[in-house]
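Hello,

Here is the structure I promised to pass on. Please have a look at it first, and then read my notes underneath.

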Amino acid sequence: QVQLRESGGGLVQAGGSLRLSCLASGRTFSNYVMGWFRQAPGKEREFVAAIVRGGGNPYYAGSAKGRFTISGDNAKNTVYLQMNSLKPEDTAVYYCAARTVDDLKYRYWGQGTQVTVSE
């Protein structure tokens, strides 16, 4: 079993930056895809970014390209989401998720961390 715990959310003004962290624990894994998703009030959860643990190019939703960067520190079992040039529409609960590279579905989820971007 994999446990995921997000941190780093908060309140920031538009144009500001935040870095989210996702600490993975439990079962060790090397061939996992780590992803970030978000859910704004009244909206469906949406994909933000993902990276294959152990290598490979990250990939992003269009709304994140050029502003967000996903990265990982395998030694710390941590994945980060650096968010720059934040906009009020980025306000959401951000979730970390994990799946194996062979799985199409993310099986493991964190509890989420709130990001609020003010005008």
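Two strands count as paired if DSSP finds at least two bridges between them. With that in mind, and remembering that this is a predicted model, let me begin with strand β11.

Strand β11 covers residues 113-118. Its partner β2, residues 10-13, runs parallel to β11, and four bridges link the two. If you want a place to start looking, find L11, which sits opposite T116 in β11. Strand β11 also pairs with β9 (residues 92-100), this time in the antiparallel sense and through three bridges. There, Y94 is the residue opposite T113 of β11.

The faces of β11 are worth a look too. In a regular strand, side chains alternate between the two faces of the sheet. In β11, T113, V115 and V117 make up the covered face, while Q114, T116 and S118 are on the uncovered one.

Y94 also leads to the other residue I wanted to show you, R38, since a polar contact of 2.9 Å connects their side chains. R38 belongs to strand β4, which spans residues 32-39. Is R38 buried or exposed? Its relative accessible area is 7%, which is under the 20% cut-off, so R38 is buried. The R38 side chain has a polar contact with the side chain of D90 as well, also listed at 2.9 Å. Leaving aside residues up to four places away in sequence, R38 touches a number of others, including E44, E46, F68, E89 and V93.

Happy to talk it through whenever suits you.

Best wishes

Technical notes. Residues are numbered from 1 along each chain as its sequence is written. This is a predicted model: local features need pLDDT of at least 70, side-chain atom pairs count only at pLDDT 80 or more; totals for chains, interfaces and linings use all residues. Side-chain values use heavy atoms; hydrogens and water are left out. Buried means under 20% relative accessible area, exposed over 50%, partly exposed in between (1.4 Å probe, protein chains only). A polar contact is a pair of N or O atoms within 3.5 Å; within protein, one must be able to donate a hydrogen and the other to accept it, and residues adjacent in sequence count only if both atoms are side-chain atoms. Contact means heavy atoms within 4.5 Å.
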